[in-house]
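Reader: I am new to this structure and would be grateful for a close look at a single part of it. Please take the place where two of the chains meet, and then set it in its surroundings.

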Amino acid sequence: MPSLSLLAQGLALGVLTGGVYALLASGLTLYFGVMRVVMVAHPAFLFLAAYITYFLHAVTGMDPLLTAVITVPLFFLLGVGIQRVLVARIPQESLAMMSVLLTFSLALLIEGGLGYVATGSYRSITVDYATTSLHLFGVAFPYDRLIGFGLAAATFIAIFAVLRLTRLGKALRATIQHPDAARLVGIDTAKVTGIGFGIGLATAALGGAVLSIIDPFFPAAHWDYIGKLMAIIVVGGLGSVRGAAIAALILGTIEAVVQVSGGATEAGLMFYAFLFATLLLRPQGFFGGRLAERF
Amino acid sequence: MSTLSAKGLRKSFGGVVAVDGADLDLHEGRINGLIGPNGSGKTTLFNIVTGMIKADSGTVRLGGTEVTGWSPHRIAHAGLGRTFQLCRVFPRLTVMENMLVSLRRPRLRDILGGLTSKADVEVAMGWLERVGLDHLAGTDARDLSYGQQKLLELAAVLMADPQLILLDEPAGGVNPALIDRIGDLVRDLNAEGRTFLIVEHNMAMVMSLCQHIIVFDRGRPIAAGPPAEIQSDPRVLEAYLGV
Amino acid sequence: MPNASSVRSPAPTALPHLPRSVPLRIGLGLLLVLLLAYPWIAPGGYLRYAGVLVVMYAVLSTSWSMVGGFTGYVSLGHAAFFGLGAYATGIGVVTLGLPHAAAFVLGVLVVAVFAAVAGLAAVRARGASFVIVTIAMVTMLSLLAQDMTWLTGGSAGLQVPGAVAGISRTGNHALFFYLFTVLLLFALLTWWFIDRSRYGAGLKAIREDEEKAEALGVPTTAYKVAALTVSAAFTGAAGGLYAMWFGNLDPIFVFSLVLGSSMVLMALLGGSRYLLGPTLGAFVVAPANEYFLTQHGESQLHIILSGALLFVVVLFMPEGVIPAVQRALRRFRPQSASIREQTQQELHESRGAAT
């Protein structure tokens, strides 16, 4: 049995990591929401963003987090492009299955491309503000994780606010819930879907900047994230942004606590245990949307 | 004896009550019509009875057996067949393969039996001949005309030899000549002892074809009787015209 | 609408069947002979080794299409079945001390049971959730295989002793070339049998319209789980042979999503709805992959290439090359196209009449 302080430490780290998961999962949820697309390449784009951040930092000396000013708009446009040019080409009746393969091919292209350009070895960025920790009640909160959590939370709140408060958000939610009806009331669903994809991919850009200061990375590392993120969006209820965020925080915390008390493998297995439990007990997800009942 | 009886069926989607405490009793051997304004719960009732969706409450009995909560394929094996509002065939399967999907009983021997099993193919050819599609047995279903697809859908349902057949808008989107043809087919099949329940908006067809008509409004039946009676029922006029 | 039933066509034309054209049959026969003679044509160690790999991939993609082709459910996680079969066989030999044949049978059984249980969870949810479960299976088993060092040897790998003591390397390759070929023929036979059965018609109906299939009396859940189990058993059998042939199991390779996606790519490229489609795909993709791996292994070119190929297949020829070739051939045989044209015309007329 690990000591109480170790558990508290695990809990703190878990919540912070969960925040980053939530950011990443919100992107996946958006793709699924607007188009019923399981975007397997999301983590690959995350690492693409981390590499872009790395090279911008290395070449220009820009602060890694500041590079988001460049990568976020770039990825937004890329996301719109991927949806409009590629995903929209797939016939509706085979969309659910073929889109997974299409995005899988993108993941392979990114991984191979990164390996070709930047080799397969580890990279990491060290920034001086990220190496120390904030100490509160005997628990250490590393600044890099705190920054990551803060950015994730801010982005998440921004996405949520856009969805709830703006006209675009209304159009997005209408498109998510009922594309045909949305079209009938005059929403340009093709455009809205593209924007949804763009926002989704923009979260990968931001996540990549955060990732680049938190962990070392290499091209094939995206595989580790796919299973975890997929589990999160299923547990949260496919298509529900709020559900995915709650599931991400909970699973991130459980992962960290199990990691300090058990081991890394047990921690990783938690995601799959929850995934299978969800599918067997409550296939529509625990926190989320009605969408999942149908998909 | 009643083939299909439902008691107190209720189903709501979110806040909308689609079927609201509906009772239904179909007598064996009749062609029954189910009419009502759009959104009155007819299709939801179909979906509950066939097991496609679960009712919030209420029971369904089929020929004396309670089938509430059964999965659609078990209900199909119990002798209930249905067609869909927008005709649904398997587009990339041949006409013959479409026929052989239907299973009367899920016995291992039947399932693993080859498509070339002579008996099955002959039964299928018999039904195809009856709807006039036998010459197209080897064609992909997607290459048929819409009317031919409607006939194929009906023939595939018949393949399982159902005693009760639910037709969801059989006249929708087909030309007048074919409507008459489908009507004749229903009469013939009824004469062989099969019971029908037909949802249809084409009043001419309903009134000429059905022997018994049930009128639905706001999720429950408001009137039932022979066509002549229904046509002069003030409650029916009210439901349709919103007086 | 013609009522004359005198023009009834003979029923068998409605059914899937082995190729009827004589040149095609002769061609296939020649290919089979060529396949069986391969180890003697290619006596070099490396070429034999590559030959075994190609036939193994043909088994894998054919097995994959028993789910992916018939039901349309895309699994990215067949590597889980492959790896589990390999490890169960390996552990049977190494830890349990079973004879190779018994360990192989054990491996296949373990995979079948695992697939049936995982399948029940997977098919409860349609579409997207299925893919997610298959991805999860692979990553989960990969974690376990790396962690349970006492049983699997962990990341260092599991060393499985060869099946025949004292056999030469090239002899071993020849032996397993034939074993994989037998497995391939068995898999093709099973595929063909399913294709012709009412069970197969039910599976295809699930692919086209699952709800409708259920309404027609198809027990869709049982059908899907059964298909996944059969498909997994063949995949696991290939894994078992791989363990005994290759002799060293690396958890990162056998439980990889990339391996699973190779099966998908090969099946789709050839045509997952056709008996020989997946085999054709394997015979094209596997040698290409092997070439790039040996010539440019360090550069990751092979990953880029598989990605690009998958991209092209998904976007431009999701039905594979076989139907594309068939369409091209049909242009030379005008009469077989007549039914299609006629019904297209009818379709046009009836639409005109309906509006």
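**The interface of chain C and chain A**

Author: In this predicted model, chain C and chain A together bury about 3700 Å², and carbon and sulfur atoms account for 84% of that area. On the side of chain C, the residues that lose the most area to chain A are I132(C), F311(C) and L315(C), which together make up 15% of what that side buries. The contact draws on 41 residues of chain C and 39 residues of chain A.

Polar and charged pairings across this interface can be stated briefly. Two residue pairs are in polar contact between chain C and chain A, and zero salt bridges are found there. Several helices of chain C contribute to the side that touches chain A: α4 (100-124), α5 (128-147), α12 (257-270) and α14 (301-316) each supply at least two residues. The largest share comes from α5(C), with 13 residues. Sorted by class, this side of chain C comprises 29 nonpolar, nine polar and three charged residues.

The arrangement of the chains gives this interface its setting. Two pairs of chains are in contact, and of these, chains B and C share the most contacts. Chain A and chain B, by contrast, are joined by no contact, and their closest C-alpha atoms lie 10 Å apart.

Within chain A, helix α9 (residues 222-236) merits attention. Its 15 residues should span 21 Å at 1.5 Å a residue, and the C-alpha atoms at its ends are 21 Å apart, so the expected and modelled spans agree. Because 14 of the 15 residues of α9(A) are buried, this helix is largely enclosed by the rest of the structure. After α9(A) comes G237(A), which has a positive phi, near 100°.

Salt bridges, of which the rule finds zero between chain C and chain A, do occur elsewhere: the structure holds 24 over all chains. Side chains of opposite charge can pair when their charged atoms come close. Between chains B and C, D120(B) forms a salt bridge with R198(C), with the closest N and O atoms 3.0 Å apart. This pair crosses from helix α5 (residues 118-131) of chain B to helix α8 (residues 198-208) of chain C, and both D120(B) and R198(C) are buried.

A salt bridge also links E319(C) and R92(B), at 2.6 Å from N to O. Here the crossing runs from the loop between α14 and α15 (321-330) of chain C to the loop between β6 and α3 of chain B. E319(C) is partly exposed, with a relative accessible area of 30%, and R92(B) is likewise partly exposed, at 23%. Through salt bridges that share partners, R92(B), R207(C), E208(C), R273(C) and E319(C) are joined into one network.

The loop of chain B between β6 (80-82) and α3 (95-101) also holds T83(B). T83(B) is buried, with a relative accessible area of 5%. A polar atom of its side chain lies 3.3 Å from the backbone nitrogen of D168(B). Not counting residues up to four places away in sequence, T83(B) touches E153(B), L154(B), V157(B), L166(B), L167(B) and D168(B).

Methods
Residues numbered from 1 in each chain as written. Chains lettered and ligands numbered in written order. Predicted model: local features only at pLDDT ≥ 70, side-chain atom pairs only at ≥ 80, totals over all residues. Heavy atoms only, no water. Helix = DSSP H or I, 4+ residues; strand = E, 2+ residues; numbered from the N terminus. Expected span 1.5 Å × (residues − 1). Buried < 20%, exposed > 50% of the residue type's maximum accessible area, 1.4 Å probe, protein only. Contact = heavy atoms within 4.5 Å. Buried area = accessible area lost by both parts, 1.4 Å probe. Salt bridge = Lys/Arg side-chain N within 4 Å of Asp/Glu carboxyl O. Polar contact = N/O pair within 3.5 Å; in protein donor to acceptor, adjacent residues only side chain to side chain. Nonpolar A, V, L, I, M, F, W, Y, C, P; charged D, E, K, R; others polar.
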